[in-house]
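Take a look at the structure below. Keep the sequence at hand as you read.

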Amino acid sequence: MSADPNCIFCKIVAGHIPAKKVYEDEDLLAFHDIAPWAPVHVLIIPKRHIASMVDVSADDQAVLGKMMVLAPKLMAELGVTGGFRQVINTGRDGGQEVYHVHMHVMGGPRPWAKG
């Protein structure tokens, strides 16, 4: 599994930085965002370092699909019943701040109200 030693999310995957985990398997890690934009705000990341959606390839289809399937399962487990939002920021102009593919999953009343 590839990792970037300078990537904060790779450090979380490796256990060097703590996170409030809500899910983990061999491919994915999901944890609460440290600056939530909604009552429930988790990040789902592949454990393998992929810098940006620009860098995905056909080899990444399964893990990206797994992320999409995991999102509603986690929201249900975390008590979100009125809907949720999924966001993947890509590149500087797309608002990406951490260069490791990650999906924000935000639930609760009006999670888009901050931006």
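This report goes through the sheet, the helix that lies across it and the nonpolar cores. The model is predicted.

## The sheet

Start with the strands. Five of them form an open sheet in the order β1-β2-β3-β5-β4. Their pairing is antiparallel. Strands of a sheet pair through backbone hydrogen bonds.

Which strands stand at the edges? They are β1 (21-24) and β4 (84-87). Each has a single partner strand, so one side of each is left without a neighbour in the sheet. On average, neighbouring strands are turned by 15 degrees against each other, direction ignored.

## One pair up close

Look at β1 and β2. They run antiparallel, and three bridges join them. Glu 24 stands opposite Leu 29 in β2.

## The helix across the sheet

Now find α2. This helix lies across β1, β2, β3, β4 and β5. Relative to β3, α2 runs at about 155 degrees.

## The cores

The largest nonpolar core has 17 residues. Leu 28, Ile 44, Met 67, Met 75, Met 103 and Val 105 have the most contacts inside it. At least two core residues come from each of β2 (28-32), β3 (40-46), α2 (61-77) and β5 (103-107). The largest share, seven residues, comes from α2. A second, separate core has eight residues, among them Cys 10, Leu 29, Phe 31 and Ile 45.

What does Met 103 touch, leaving aside its neighbours within four places in sequence? Its contacts include Val 42, Leu 43 and Ile 44. Met 67, Met 68 and Ala 71 are also in contact with Met 103. So are Gln 86, Val 87 and Ile 88.

Definitions and conventions:
Residues numbered from 1 in each chain as written. Predicted model: local features only at pLDDT ≥ 70, side-chain atom pairs only at ≥ 80, totals over all residues. Heavy atoms only, no water. Core = buried A, V, L, I, M, F, W, Y, C linked by side-chain atoms within 4.5 Å. Buried < 20%, exposed > 50% of the residue type's maximum accessible area, 1.4 Å probe, protein only. Helix = DSSP H or I, 4+ residues; strand = E, 2+ residues; numbered from the N terminus. Contact = heavy atoms within 4.5 Å. Pairing = 2+ DSSP bridges. Axes fitted to C-alpha atoms, helices over the stretch in contact; angles between N-to-C directions.
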